[in-house]
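Let's work through some exercises together, with the structure open beside you. Try each task yourself before reading its solution.

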Amino acid sequence: MSSQPEHPALLIPGPIEFDDAVLQSMSHYSESHVGAPFVKAFGETLSMLRQLFQTTNPTSQPFVISGSGTLGWDQVAANLSEPGDEVLVLHTGYFADSFADCFETYGAKATQLRAPIGDRPQLDEVEKALTEKEYKILTVTHVDTSTGVLSEIQALSELVHRVSPNTLVVVDGVCSVGSEEIRFDDWGLDVVLTASQKGIGVPAGLSILMASGRAIERFKARKTRPTSYFASWKNWLPIMQNYEAKKPSYFATPSPQLIHALHTSLTQILSKPLDERFAAHRAASQKIKKAVADLGLKQLAMKPENQANGMTAIYLPDGITPPEVLPNLLKKGVVFAGGLHKEIATKYIRFGHMGVSVVDPNRGDIEKAIDALKNGLGEVGYNP
Ligand SMILES: *Cc1c(COP(=O)(O)O)cnc(C)c1O
């Protein structure tokens with residue numbers, strides 16, 4: 001039994017439901033952020049992130065900084081691009097527009113490679129773009145939370161290394177880390193950035209990022225200074241290295257309570273093989289996608305290989321809008337999200353299935369949500 005007050009199951013693509021132990025670890029008594037016990041917890045948290053991202057290369061560098069996932073974009077743009085640099089942003093939905101805007105804020109030139117809604121740029125198109133111009137950075141959204149489109153990170157990274165070996169491969173994993181397989185070393189990635197509140201299952205407030213040794217070298221070779229103060233790796237790199245070496249260090253005060261929550265969640269996640277966790281997400285996702293198809297509904301991501309395992313974006317039947325359905329679902333104890341993609345926001349809803357709602361089947365969240373969707377649509381007159 002959960003010790004949390006009874007509440008509707010939060011099944012949006014982040015924040016997700018939190019485990020009791022994760023929440024309880026946030027009620028930790030106040031302690032010094034430079035005291036030995038906290039430095040130890042922070043250091044262990046950074047080491048556990050190496051395991052979560054599947055990197056054993058000692059030159060890889062984890063960062064955990066107070067902020068939301070968006071701060072990861074600022075870290076990349078402020079530290080890895082210089083004014084005037086060309087960046088290629090692969091577009092699979094809303095979040096690419098924002099990442100591109102972030103680069104422009106720092107003076108880099110972002111070119112977006114677009115795909116039709118529900119699809120992703122194809123490898124031959126990416127290859128063509130990479131041969132036309134010298135890009136310093138390529139970014140890809142692993143799962144675009146506005147469309148539920150999954151990108152193929154491994155093949156993409158191999159392509160970049162083959163045709164444009166100096167281009168850094170940056171993955172926006174805010175909606176994928178913890179629910180989709182990511183092999184940082186094997187896939188040759190340079191940055192994967194995420195946030196605490198999605199697949200990792202920790203309250204919002206932490207920007208979590210892994211950088212490769214190559215990315216850190218690129219940062220160190222900058223001709224201009226980082227274009228942010230709070231997000232500057234010049235400030236944070238020594239702090240992260242000291243924490244992991246269990247040495248007290250200060251640039252800006254971290255949130256000890258959130259770090260404890262992250263420590264607890266990572267300990268739980270890593271207590272089982274990661275492959276099992278990803279398999280559980282795939283299985284839950286298949287079940288949901290089958291139920292959606294059985295209801296006669298379509299997903300935004302039409303091709304099976306394009307479909308995320310931690311969320312599903314579902315077109316509503318013609319003439320039914322999110323404000324008609326979502327309150328119905330709420331009455332049945334589940335919270336879904338409305339549409340986010342600007343062009344079609346009123347036509348679809350989003351179902352997040354990550355973390356404890358998936359790996360703790362005793363909760364029954366997934367079955368409850370599938371039933372609610374079925375009955376909720378029936379109540380507004382839809383019968384497949
Ligand atoms: C949620 C999300 C973000 C932004 O994260 P915030 O924590 O809301 O700042 C960025 N990219 C993707 C893919 C996301 O899903």
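**Exercise 1.** Find which residues of α3 and α4 meet in this predicted model, and describe how these helices pack.

*Solution.* Start with the contact itself. On the α3 side, look for Trp73, Asp74, Val76 and Ala77. Their partners in α4 are Phe95, Ser98, Phe99, Cys102 and Phe103. Sorted by class, this contact of α3 with α4 holds 7 nonpolar, 1 polar and 1 charged residues.

Next comes the geometry. Two packed helices are described by the angle between their axes and by the distance between those axes. For α3 (residues 70-80) and α4 (residues 94-105), the angle is about 40 degrees and the axes are 9 Å apart. That angle makes α3 oblique to α4. Finally, the crossing of α3 past α4 is right-handed.

**Exercise 2.** Work out how α10 and α13 are oriented to each other, and name the residues in contact.

*Solution.* Take the angle as your first step: helix α10 (residues 274-294) and helix α13 (residues 365-379) pack at about 10 degrees, and their axes are 11 Å apart. Angles under 35 degrees count as roughly parallel. α10 and α13 are therefore roughly parallel to each other.

Now list the contact. Lys287, Ile288, Ala291 and Val292 of α10 meet Ile366, Glu367, Ile370 and Leu373 of α13. By class, the contact of α10 with α13 has 6 nonpolar residues, no polar ones and 2 charged ones.

**Exercise 3.** Do the same for α2 and α8: describe the crossing, then the contact.

*Solution.* The axes of α2 and α8 come within 7 Å and cross at roughly 100 degrees. The helices α2 and α8 are therefore roughly perpendicular to each other. From α2, the contact uses Phe38, Val39, Phe42, Gly43, Leu46, Ser47 and Arg50. From α8, Met240, Tyr243 and Glu244 take part. The contact of α2 with α8 divides into 6 nonpolar, 2 polar and 2 charged residues.

**Exercise 4.** Which residues come nearest to the ligand, and what polar atoms does the ligand find at Thr70, Asp172 and Lys198?

*Solution.* Begin with the surroundings: there are 13 residues around the ligand, and Ser68, Thr70, Thr145, Asp172 and Lys198 come nearest. Then look at individual atom pairs. Thr70 places a polar side-chain atom 2.6 Å from an oxygen atom of the ligand. Lys198 also has a polar side-chain atom 2.6 Å from a ligand oxygen atom. At Asp172, an N or O atom of the side chain is 2.7 Å from a nitrogen atom of the ligand.

**Exercise 5.** Locate a cis peptide bond, then the positive phi values of Gln54 and Lys246.

*Solution.* The cis peptide bond joins Gly14 and Pro15, with omega about -5 degrees. Pro15 sits in the loop between β1 (9-10) and α1 (20-24).

Turn to phi next. Gln54 is a residue other than glycine, yet its phi is positive, near 55 degrees. To find Gln54, follow the loop between α2 (36-52) and β2 (61-66). Lys246, not a glycine either, has a positive phi of about 65 degrees. Look for Lys246 in the loop between α8 (233-244) and α9 (256-269).

Note on methods: Residues are numbered from 1 along each chain as its sequence is written. This is a predicted model: local features need pLDDT of at least 70, side-chain atom pairs count only at pLDDT 80 or more; totals for chains, interfaces and linings use all residues. Side-chain values use heavy atoms; hydrogens and water are left out. Axes are lines fitted to C-alpha atoms, for helices over the stretch in contact, and angles run from 0 to 180 degrees between N-to-C directions. Helices (H or I, at least four residues) and strands (E, at least two) are DSSP runs, numbered from the N terminus. Angles under 35 degrees count as roughly parallel, over 145 as roughly antiparallel, 65 to 115 as roughly perpendicular and the rest as oblique. A crossing is left-handed if the near helix is turned anticlockwise from the far one by less than a right angle, and right-handed if clockwise. Contact means heavy atoms within 4.5 Å. Ala, Val, Leu, Ile, Met, Phe, Trp, Tyr, Cys and Pro count as nonpolar, Asp, Glu, Lys and Arg as charged, and the others, Gly among them, as polar. A residue is near a molecule or strand if one of its heavy atoms lies within 4 Å of it. A polar contact is a pair of N or O atoms within 3.5 Å; within protein, one must be able to donate a hydrogen and the other to accept it, and residues adjacent in sequence count only if both atoms are side-chain atoms.
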